[in-house]
Amino acid sequence: MKKILIFMLTLVMGFMFVNFTIEDKKTPQDEVKSEAATYSVPDDVQKILDNSCVGCHNSDSKNIKGKGKLKFDEFADMKLHKQVGKLADIAEVVKEGDMPPSKFIKNYPDREPTAEEKEKLVKWANEMAKQLTPAE
Amino acid sequence: MKILKLLILILIISVVIIQFIPNDKPEVVLANENDLIYNNQLPENISVMLKESCYDCHSNETVYPWYSHVAPVSWLVVKDIRDGRKELNFSFWESQSKMDKAKHLDNIIDEVLDENMPMPIYTIMHANAKLTKEERQLLADWAERHAESLFE
């Protein structure tokens, strides 16, 4: 009788233990999921933006058309769908060489992003956009 | 006088000859399972605007007008349709990621409010494709709402 009791007790404790470990495993994963990604710019990317884009795409820019389309200093204030739309567009226009505008590059050749910088910019914009997009 | 007649003759002959230069028109497909309008319950006025002002160039449902069969105009028409479909094709809408939908919806707002789209040359021949300022705003507001709904 005692043996059976101990056996059952062990069984119950075993179950509880298993349950705990499962719960332990679950919690961190759920936290990662519910913690939404937010817009951020690593230093090396910020340097490229500052050199090649921000002059026209900032709220204090004199380029009315450029800042009307995109303002980096107010980027995080936009709604999520807007941030993702603009990021995907940034990746596209940089990849296709549409930005910075050719006239700007002619006037300021040293402000043209190098091939390596372009690649870095495109990669950042694409990955940031993906992180900000909720699962399908 | 003789020279003028000769020139006109040469012109007519050239126009006839260029009709035989092959100019492959992008294919027309009417049933597209990933189509934007087919898969979403868009407000009636929005789907009408998209169909009448955009679908000839941005979908597989192109309706070719009579002049699109006559060279050299046909070359221009075909080029716009080919380029338009490549940039944005509403017939394949649902096959893209949310990220690309957000990008296209954002571009639609810009292009429509800046009056770049529908292409001005197109509305000369398609009066019903012309959009008023109010209609442009309605379309832009819809694009904004639709993008937002994808992220809720």
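At 36% relative accessibility, E115(B) counts as partly exposed. This residue opens the exercises below, which concern a predicted model.

**Exercise 1. Place E115(B) and describe its backbone.**
State where E115(B) is found and what sign its phi has.

Solution.
- Step 1: Locate the residue. E115(B) sits in the loop that runs from α6 (98–113) to α7 (120–125) of chain B.
- Step 2: Read the backbone angle. Phi of E115(B) is positive, about 60 degrees, although the residue is not a glycine.
- Step 3: Set this against the general pattern. Most residues other than glycine have a negative phi.
- Step 4: Classify the exposure. The relative accessibility of E115(B) is 36%; because partly exposed covers the range between 20% and 50%, the residue falls in that class.

**Exercise 2. Find the cis peptide bonds before P100(A) and P72(B).**
Which residue does a cis peptide bond join to P100(A), and which to P72(B)? Give the loop that holds P100(A) and the loop that holds P72(B).

Solution.
- Step 1: Recall the general pattern. Most peptide bonds are trans.
- Step 2: Take chain A. The partner of P100(A) in the cis bond is M99(A), and omega there is about -10 degrees. P100(A) belongs to the loop between α4 (80–95) and α5 (102–107) of chain A.
- Step 3: Take chain B. The cis bond to P72(B) comes from A71(B), with omega about 5 degrees. P72(B) belongs to the loop between α4 (55–58) and α5 (73–87) of chain B.

**Exercise 3. Describe how α3(B) packs on α8(B).**
Give the angle and the axis distance for helices α3 and α8 of chain B, then name the class of the arrangement.

Solution.
- Step 1: Choose the descriptors. Two packed helices are described by the angle between their axes and the distance between the axes.
- Step 2: Read the values. Helix α3 of chain B (residues 44–53) and helix α8 of chain B (residues 133–150) meet at about 110 degrees, and their axes are 10 Å apart.
- Step 3: Classify. The range 65 to 115 degrees counts as roughly perpendicular, so α3(B) and α8(B) are roughly perpendicular to each other.
- Step 4: List the residues in contact. α3(B) contributes N45(B), I46(B), M49(B) and L50(B), and α8(B) contributes E135(B), L138(B), L139(B) and W142(B).
- Step 5: Sort them by kind. In the contact of α3(B) with α8(B), six residues are nonpolar, one is polar and one is charged.

**Exercise 4. Examine two serines, S68(B) and S91(B).**
Is S68(B) buried or exposed? Is S91(B) buried or exposed? For S68(B), find a backbone atom that lies by a polar atom of its side chain, and do likewise for S91(B).

Solution.
- Step 1: Locate S68(B). This serine lies in the loop between α4 and α5 of chain B.
- Step 2: Apply the cut-off. Buried means under 20%, and the relative accessible area of S68(B) is 1%, so S68(B) is buried.
- Step 3: Find the neighbours of S68(B). A polar atom of its side chain lies 2.6 Å from the backbone oxygen of P65(B). Outside the four places on either side in sequence, S68(B) contacts K25(B), S74(B) and V77(B).
- Step 4: Locate S91(B). This serine lies in the loop between α5 and α6 of chain B.
- Step 5: Apply the cut-off again. S91(B) has 1% relative accessibility and therefore counts as buried.
- Step 6: Find the neighbours of S91(B). A polar atom of its side chain lies 2.8 Å from the backbone nitrogen of N60(B). Beyond its neighbours within four places in sequence, S91(B) has contacts that include N32(B), D35(B) and H58(B).

**Exercise 5. Trace the surroundings of E52(B).**
How far apart in space are E52(B) and N23(B), and which residues does E52(B) touch beyond four places in sequence?

Solution.
- Step 1: Locate and classify. E52(B) is in helix α3 of chain B, and at 36% relative accessibility E52(B) is partly exposed.
- Step 2: Take the distance. E52(B) and N23(B) are 29 residues apart in sequence, and their C-alpha atoms are 25 Å apart.
- Step 3: List the contacts. Leaving out residues up to four places away, E52(B) touches Y122(B), N128(B) and A129(B).

**Exercise 6. Judge the confidence of each chain.**
What average pLDDT does chain A have, and what average does chain B have?

Solution.
- Step 1: Take chain A. The average is 83, and 74% of its residues score at least 70. Over residues 15–34 of chain A the pLDDT is below 50, and this stretch has zero contacts beyond near neighbours in sequence.
- Step 2: Draw the consequence. Where pLDDT is low, the predicted coordinates should not be read in detail.
- Step 3: Take chain B. The average is 95, and 100% of the residues score at least 70. Among its elements, α4(B) has the highest mean pLDDT (98) and α7(B) the lowest (93).
- Step 4: Add the scores for the model. These are ipTM 0.86 and pTM 0.87.

Notes:
Residues are numbered from 1 along each chain as its sequence is written. Chains are lettered from A and ligands numbered from 1 in the order in which they are written. This is a predicted model: local features need pLDDT of at least 70, side-chain atom pairs count only at pLDDT 80 or more; totals for chains, interfaces and linings use all residues. Side-chain values use heavy atoms; hydrogens and water are left out. Helices (H or I, at least four residues) and strands (E, at least two) are DSSP runs, numbered from the N terminus. Buried means under 20% relative accessible area, exposed over 50%, partly exposed in between (1.4 Å probe, protein chains only). Axes are lines fitted to C-alpha atoms, for helices over the stretch in contact, and angles run from 0 to 180 degrees between N-to-C directions. Angles under 35 degrees count as roughly parallel, over 145 as roughly antiparallel, 65 to 115 as roughly perpendicular and the rest as oblique. Contact means heavy atoms within 4.5 Å. Ala, Val, Leu, Ile, Met, Phe, Trp, Tyr, Cys and Pro count as nonpolar, Asp, Glu, Lys and Arg as charged, and the others, Gly among them, as polar. A polar contact is a pair of N or O atoms within 3.5 Å; within protein, one must be able to donate a hydrogen and the other to accept it, and residues adjacent in sequence count only if both atoms are side-chain atoms. pLDDT is the predictor's confidence in each residue, from 0 to 100.
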